[in-house]
Amino acid sequence: MTVKVADVMRYVRNHFIRDSISAAWTHADGTLTPSDGFHPGMWIAVAGGDAPCGVYQLDEKGGIPDLGDTSWTGTVYRLNPPADFIRLCGDIACWAAASPDPAVTGEKLGEYSVSRRAITWQEAFAPALAPYRRMFAEVTL
């Protein structure tokens, strides 16, 4: 199982938004335009009707990795996740890669309950993720 930073941000409902820019965007030749205020390695969240919605870390050219040439109108959020959170996401990804997928071994419908053979990354890291959790999502992606 692969767990990405975006998965953890979505789970804790916290994208660490610094600010947002609504504009007409172009991603051409591996570069995001307009590029003012963006730098390689920066985390962004893209939202909008026809936008390539998601959380991305800009590559060395200041573009979105694996995104072809495209244009859209929408909002790009500049994110500022703490270094401790990014390290925790790395720990979660390593743990999830080494752990078996939690298989459901039983379910009970009345007063619903489920039992699993193993724990999920959400259960394993709940105490560490608690300080970052928000009550409501900041971004709908």
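Student: What phi does R13 take, just after α1?

Tutor: R13 has a positive phi of about 55°. Helices here are DSSP runs of H or I with at least four residues, strands are runs of E with at least two, and both are numbered from the N terminus. This is a predicted model, where local features need pLDDT of at least 70, side-chain atom pairs count only at pLDDT 80 or more, and totals for chains, interfaces and linings use all residues. Residues are numbered from 1 along each chain as its sequence is written, and side-chain values use heavy atoms, leaving out hydrogens and water.

Student: Which residues of helix α1 are buried?

Tutor: Buried means under 20% relative accessible area, exposed over 50%, and partly exposed in between (1.4 Å probe, protein chains only). In α1, residues 5-12, the buried ones are V5, A6, V8, M9 and V12. Because they fall within an arc of 160° seen down the axis, they line one face of the helix. That arc is taken from the directions from the helix axis to the C-beta atoms.

Student: And R78 in strand β5: is R78 buried or exposed?

Tutor: R78 counts as buried because its relative accessibility is 12%. Contact means heavy atoms within 4.5 Å. Not counting residues up to four places away in sequence, R78 touches several residues, including F16, D19, D36 and W43. A polar atom of the R78 side chain also lies 3.0 Å from the backbone oxygen of G37.

Student: Where does L109 lie?

Tutor: L109 is in the loop between β6 (104-108) and β7 (113-116). L109 counts as exposed because its relative accessibility is 75%.

Note on methods: A polar contact is a pair of N or O atoms within 3.5 Å; within protein, one must be able to donate a hydrogen and the other to accept it, and residues adjacent in sequence count only if both atoms are side-chain atoms.
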